[in-house]
Amino acid sequence: MISLKDVSKKFKTKQGTIIAVDDVNLDIKQGEIFGIIGYSGAGKSTMIRLLNGLEKPTAGQIIVNGKEITSINEEKLRQVRHKVSMIFQHFNLLWSRTVAENIAFPLEIAGIPKEQRKARVNELIELVGLEGRGNYYPSQLSGGQKQRVGIARALANRPEVLLCDEATSALDPETTDSILDLLVSINEKLGLTIVLITHEMQVIQKICNRVAVMEGGQVVEEGDVLKVFQNP
Ligand code: ADP
Ligand code: ADP
């Protein structure tokens with residue numbers, strides 16, 4: 001599904017060159033929930049930006065769904081981004097739009113006609129458990145409900161990969177659990193591949209099949225969650 005081969009990303013700054021991602025090799029399989037964990041500065045955000053094509057690696061190859069994305073043009077990259085969707089720590093909702101309008105936004109951009117959009121939005125509202133909240137504004141929702149809107153919006157155009165960037169870090173433990181349960185049910189229902197980036201080990205332990213541990217831009221350990229986190 002997603003392969004990284006010898007991927008590095010360097011940034012040139014006034015202080016010198018920073019190696020944000022350092023020679024990373026990874027294979028993420030179709031339909032799995034894959035976690036990337038590491039402390040602040042480990043290179044996680046840069047990894048996510050590489051996976052959705054927002055950054056180009058300095059070296060190496062990234063293959064998404066059989067397509068090499070590092071050398072393709074902007075138009076083809078846009079098609080790949082369609083298949084790779086994202087949710088965020090602070091939800092990134094449009095605050096002047098209702099829940100339904102937020103979810104409809106990517107459908108509008110994709111040029112889906114109004115009637116079809118309505119039907120799809122209703123389906124998504126039900127999928128994430130926001131029945132009756134379609135006409136609410138984000139400011140009227142709890143954090144967990146806001147993230148449900150973020151998830152529905154991310155799924156609108158039927159992506160194949162969902163990237164989650166610290167998606168539960170702004171939520172309390174109970175709400176975190178309910179969002180993680182939702183991600184698992186979506187993974188099972190839709191067969192969607194989920195890549196989850198976090199600094200929280202409990203999140204990885206709760207839902208991931210496999211995990212990569214990042215430190216200083218490198219993957220220092222990788223494998224089944226149970227093996228990587230087993231007590232010595
Ligand atoms: P994490 O998400 O794990 O906190 P990041 O990927 O944000 O890690 O950062 C990894 C390293 O790369 C850090 O040292 C950070 O300062 C550096 N870095 C990230 N993006 C840039 C950039 N655009 N320019 C310069 N340095 C960057
Ligand atoms: P956090 O999760 O950090 O509390 P919020 O969800 O409150 O973040 O807000 C995310 C962003 O949206 C922030 O930049 C905030 O200023 C802005 N924002 C939050 N609520 C509203 C609102 N009702 N109208 C306009 N902007 C808002």
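**Notes on helix packing and a few individual residues**

1. Let's start where helix 3 and helix 4 touch: Ala-100, Ile-103, Ala-104, Leu-107 and Glu-108 in helix 3 meet Arg-117, Arg-120, Val-121, Leu-124 and Ile-125 in helix 4. Contact here means heavy atoms within 4.5 Å. Helices (H or I, at least four residues) and strands (E, at least two) are DSSP runs, numbered from the N terminus.

2. Some ground rules. This is a predicted model, in which local features need pLDDT of at least 70 and side-chain atom pairs count only at pLDDT 80 or more, while totals for chains, interfaces and linings use all residues; side-chain values use heavy atoms, with hydrogens and water left out. Residues are numbered from 1 along each chain as its sequence is written, and chains are lettered from A and ligands numbered from 1 in the order in which they are written.

3. Back to that first pair. The axes of helix 3 and helix 4 come within 10 Å and cross at roughly 125°; axes are lines fitted to C-alpha atoms, for helices over the stretch in contact, and angles run from 0 to 180 degrees between N-to-C directions. Helix 3 and helix 4 are therefore oblique to each other (angles under 35 degrees count as roughly parallel, over 145 as roughly antiparallel, 65 to 115 as roughly perpendicular and the rest as oblique). Their crossing is right-handed, where right-handed means that the near helix is turned clockwise from the far one by less than a right angle, and left-handed that it is turned anticlockwise.

4. Helix 4 itself looks regular in length. With 14 residues (114-127) at 1.5 Å a residue, helix 4 should span 20 Å, and its end C-alpha atoms are 20 Å apart, which agrees; the expected span is 1.5 Å times one less than the number of residues. Just beyond helix 4 comes Gly-129, with a positive phi near 75°.

5. Which residues of helix 4 are buried? They are Arg-117, Arg-120, Val-121, Leu-124, Ile-125 and Leu-127, with buried meaning under 20% relative accessible area, exposed over 50% and partly exposed in between (1.4 Å probe, protein chains only). Seen down the axis of helix 4, these buried residues fall within an arc of 155°, so they line one face; the arc is that of the directions from the helix axis to the C-beta atoms. The face turned away from the buried side of helix 4 carries the exposed residues Glu-115, Asn-122 and Glu-126. The cover over the buried residues of helix 4 includes helix 3 (99-109), helix 5 (143-155) and helix 6 (173-190).

6. Helix 3 also packs on helix 5. Their axes come within 7 Å and cross at roughly 30°, and the two helices are therefore roughly parallel to each other. The crossing of helix 3 and helix 5 is right-handed. At this contact, Val-99, Asn-102, Ile-103 and Pro-106 in helix 3 meet Val-149, Ala-152 and Arg-153 in helix 5.

7. Next, helix 5 against helix 6: an angle of about 20°, with the axes 10 Å apart. That makes helix 5 roughly parallel to helix 6, and this crossing is right-handed. The residues that meet include Gln-147, Arg-148 and Ile-151 from helix 5 and Ile-179, Leu-182 and Leu-183 from helix 6.

8. Helix 1 (44-51) is largely enclosed by the rest of the structure, because six of its eight residues are buried. The buried ones are Lys-44, Thr-46, Met-47, Ile-48, Leu-50 and Leu-51. Gly-53, just after helix 1, takes a positive phi of about 75°.

9. Gly-53 also serves as a reference for Ile-72: the two are 19 residues apart in sequence and 10.0 Å apart in space, C-alpha to C-alpha. Ile-72 is in the loop between strand 5 (67-68) and helix 2 (74-83), and is buried, at 17% relative accessible area. Leaving aside neighbours within four places in sequence, Ile-72 is in contact with Lys-56, Leu-77 and Val-80.

10. Two aspartates deserve a look on the backbone side. Asp-6, in strand 1 (2-13), has a positive phi near 50° although it is a residue other than glycine; Asp-6 is partly exposed, at 44% relative accessibility. Asp-23 is found in strand 2 (16-28), with a positive phi near 55° and a relative accessible area of 44%, so partly exposed.
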